[in-house]
Amino acid sequence: NALPWPTVDDTGNTGVLLAEATTFGTSVDPTFAAVTFNAFKYSSKPVFVSYEILRDSAFNLAQEIASLLGERLGRIEGSETSTANGTSKPKGIVTCAGTGVTSGTAAVITADEIIGLVHSLDPSYRNGTSVGFMMHDTALLYLRKLKDANGAYLWMPGMMAGQSDTLFGYKIAVNQAMEPLVSNLPVTAKKHILFGDFSKYIISDVDTPRFKRLDERYADTDQVAFI
């Protein structure tokens, strides 16, 4: 069933300074709304394996197939929750994202525009472990080549084991489902780079993936299907 998820926006309201013995005034309500999570079902699509291959395999083939099919589901969920338009599909984070900064020159992204993108976000959302950039690897390659006026690269590699690479001090997540650059250049009217607190994008995953081995259904060809 569709699942309503309540939202609230109170950023436009502040407290009030009161004089002694003064009423606090009338109610100032936050802005409440709701986002509806619709239900979608995904399949890995089946893999058919002959009895001979299962019998003669030198390793646990069924376990390997299960791992591969899990990755298939990961790819489709990653793609749908990135760019799907919300019509008969989930609403991807790129679709949900507003426009922080539009590049001033076609097919060019400047360092100043990246700084502008960071500051287009309310300061209260610029701190925390989930704040950072998200982009296709081609966009990351483009940004890694950007330099400041002194010729120093803006991209900072992690200097310790387990430490993330950063851009202006923020972590970078590579998402291959996002819009790639074409011939190493940005494309007009495309969202190439996201910046924000990604914990604010909610995904509702219901239950866990189910792995099925169908022995009897394809017995006439002596095959087993995995899905």
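1. The protein has a radius of gyration of 24 Å, whereas a compact globule of 227 residues would have one near 17 Å. Keep in mind that this is a predicted model. The C-alpha trace tells you about extent too. Along its principal axes, the trace spans about 85 × 55 × 35 Å.

2. Next, burial and surface. Of the 227 residues in the protein, 25% are buried. Here, buried means under 20% relative accessible area. The protein exposes about 15,700 Å². Carbon and sulfur atoms supply 54% of that exposed area.

3. Now the contacts. Take those in the protein with a separation of 6 or more. Residues 24 or more positions apart account for 65% of them.

4. Charges come next. The protein carries 19 positive and 24 negative charges. The mean positions of the two groups are 5 Å apart.

5. On to secondary structure. The protein holds five helices and 10 strands. Five strands form an open sheet with mixed pairing. Their order is S5-S6-S7-S4-S8. Which strands stand at the edges? They are S5 (155–156) and S8 (193–197). Each has a single partner strand, so one side of each is left without a neighbour in the sheet.

6. Look closely at one pair in this sheet. Strand S4 covers residues 131–135 and runs antiparallel to S8. Five bridges join the two strands. Valine 131 stands opposite aspartate 197 in S8. As a general point, strands of a sheet pair through backbone hydrogen bonds, either parallel or antiparallel.

Notes. Residues numbered from 1 in each chain as written. Predicted model: local features only at pLDDT ≥ 70, side-chain atom pairs only at ≥ 80, totals over all residues. Heavy atoms only, no water. Helix = DSSP H or I, 4+ residues; strand = E, 2+ residues; numbered from the N terminus. Rg over C-alpha atoms; globule rule 2.2 N^0.38 Å. Buried < 20%, exposed > 50% of the residue type's maximum accessible area, 1.4 Å probe, protein only. Contact = heavy atoms within 4.5 Å. Areas by Shrake-Rupley, 256 points an atom, 1.4 Å probe, with all protein chains shown as cover. Lys, Arg positive; Asp, Glu negative; His and termini not counted. Charge placed at Lys NZ, Arg CZ, Asp CG, Glu CD. Pairing = 2+ DSSP bridges.
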